[in-house]
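Trainee: I am new to this structure and should be grateful for a close look at one part of it. Would you please take me through the sheet and its surroundings?

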Amino acid sequence: GVDLLTFGEALVSLRSTGPLTAGGALTPHLAGAESNVAVGLARLGHRAAFAGRVSDDELGGFLLRQLRAEGVDVTHVVRDRERPAGLMFLERRTADLTRVLYQRAGSAGSVLGVDDLRPALAAGARVLHLTGITPALSERAREAAAWAAETAARAGTLVCLDVNHRAKLWSRDAARAVLTPLAGHASVVVASADELDLVGASGADEETLAAGLLARGVSTVLVKLGGDGARAYTRDGRRHAAALPVTAVDTVGAGDAFTAGYLSGHLDGLDLAGRLRRAVTLGAFAVAGHGDWETLPRRDELSLLDSRQPG
Ligand code: KDG
């Protein structure tokens, strides 16, 4: 088996240099929260696999080539002959304002089903990572996500759910109804502060929500705080990790990098402080450069930010 298995929709992200209505150049990039996590782990030398459906055309070929180039195992990716690649336009509206426009309804990745995931799950993994994006894509994908989380948890695999609410795909209420039961299969739940009540009671405070998740069997709740770092809740209490001071130029993908760093620390057997340190380190690499994952560190580069004391 691999160290980490993740699944979901890999997207072709078309990044603009200015407002989309003004035209100009678009550059294609591999995107998708799950593939970002896979790349983050592969860069650090872990065996990471990505499963899902990609179109059987040039765009699907582009996604697979990018994943392979980063050392991600794509053995269990299924090519879909009928459906197109999901697209994401990442519009640089102004120097510090980006916007997302999706063209992903009915895409190959959005109809991921249980049968697509069976071989990957059967091959085994130490960690299964999934996000709250996949269940928002279709009924089939929702069923596949629930099945995978339950099957992996039963097999003793560490299941990590990263909430990743995408307001363009579904409402907060719809997300809460699906993600709250899903979190019950997870050992690690990752959410930003404004996402935590999507895996618990609407409007409840952070302490209450974290305690509720721990009572339901989650062992670690990670609350991402952006430039303020992160808080972790475990049965031993609460711990804060400050972010590393870097110049943020692009925050897209930072949450995925954080999760990848945490899971890398877990795979390396680090204690909670060490796992959080690696999580904020990867988050810092992600925000300090352009692209979802392009600037993530190799293992020998982790120490590049060592002199940056948490701010
Ligand atoms: O976390 C970064 C993602 O938002 C991006 O890569 C695209 O997965 C994506 C999505 O569905 O928005």
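Mentor: Let us begin with one residue pair: E91 has R99, in β7, as its bridge partner. This is a predicted model, in which local features need pLDDT of at least 70, side-chain atom pairs count only at pLDDT 80 or more, and totals for chains, interfaces and linings use all residues. Numbering starts from 1 along each chain as its sequence is written, and side-chain values use heavy atoms, without hydrogens and water.

β6 (residues 87-94) and β7 pair in the antiparallel sense over 7 bridges; pairing requires at least two DSSP bridges, and strands are DSSP E runs of at least two residues, numbered from the N terminus. Both belong to an open sheet of 4 strands, ordered β3-β2-β6-β7, with mixed pairing. β3 (26-31) and β7 (97-103) each have a single partner strand and stand at the edges, so one side of each lacks a neighbour in the sheet. On average, neighbouring strands are turned by 25° against each other, direction ignored, with axes fitted to C-alpha atoms.

Helix α2 (residues 58-69) lies across β2, β3 and β6, at about 60° to β3; helices are H or I runs of at least four residues, and angles run from 0 to 180 degrees between N-to-C directions.

Finally, the loop between β1 (2-7) and β2 (11-16) holds E9. E9 counts as buried because its relative accessibility is 3%, where buried means under 20% (1.4 Å probe, protein chains only). The E9 side chain makes polar contacts (here, a donor and an acceptor among N or O atoms within 3.5 Å) with the side chains of R104, at 3.0 Å, and S107, at 2.5 Å.

Conventions
Buried < 20%, exposed > 50% of the residue type's maximum accessible area, 1.4 Å probe, protein only. Contact = heavy atoms within 4.5 Å.
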